[in-house]
Amino acid sequence: MSLLSRFSAPLLRSAALRSRGPALPRRSIISGPPENPVGPGESVVGFLAMFVACLGPAAWVLAHLED
């Protein structure tokens with residue numbers, strides 16, 4: 001067996017095993033109300049964070065158009 005095939009065989013074997021992915025456990029879908037409802041304060045913080053993350057860069061670009 002050549003030196004190249006001796007070192008490449010374990011690498012290719014591990015790559016082939018990883019490509020199949022790990023076996024995922026089966027989970028059932030549970031519907032119903034959440035265990036911990038989200039309060040109004042958490043909702044405001046979440047919406048504010050999404051607003052800043054989405055529109056903040058666009059506002060920065062528009063504010064610096066002349067630069």
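**Exercise 1.** How much area does the chain expose, and what share of it do carbon and sulfur atoms supply?

*Solution.* Keep in mind that we're working with a predicted model. Start with the total: the chain exposes about 6,900 Å². Then look at the atoms, where carbon and sulfur supply 68% of that area. Now check for a core: 0% of the 67 residues count as buried.

**Exercise 2.** Work out what UniProt's "transmembrane region" looks like in the model.

*Solution.* Begin with the record: an unreviewed UniProt entry lists residues 44–63 under that name. Next, check the fold of that span, which is 100% helix and 0% strand. Its end C-alpha atoms lie 26 Å apart. Then place the helix: α2 covers residues 40–63, and the chain has 2 helices and 0 strands. Finally, follow α2 along to Leu 55, where α2 bends by about 40°. Pro 57 follows within four residues.

**Exercise 3.** Is Leu 48 buried or exposed, and which residues join Leu 48 in a nonpolar surface patch?

*Solution.* First, the cut-off: exposed means over 50% relative accessible area. Leu 48 has 52% relative accessibility, so Leu 48 counts as exposed. Its patch partners are Phe 51, Val 52 and Leu 55, and together the four have about 400 Å² of accessible area. Last, zoom out to α2: among its 24 residues, the count of buried ones is 0.

Terms used: Residues numbered from 1 in each chain as written. Predicted model: local features only at pLDDT ≥ 70, side-chain atom pairs only at ≥ 80, totals over all residues. Heavy atoms only, no water. Patch = residues over 30% accessible without salt bridge, like charges linked within 9 Å, V, L, I, M, F, W, Y side chains within 5 Å. Areas by Shrake-Rupley, 256 points an atom, 1.4 Å probe, with all protein chains shown as cover. Salt bridge = Lys/Arg side-chain N within 4 Å of Asp/Glu carboxyl O. Buried < 20%, exposed > 50% of the residue type's maximum accessible area, 1.4 Å probe, protein only. UniProt positions renumbered as here; feature names shortened; annotations may be inferred. Bend = angle between axes of the 7 residues up to and from the residue.
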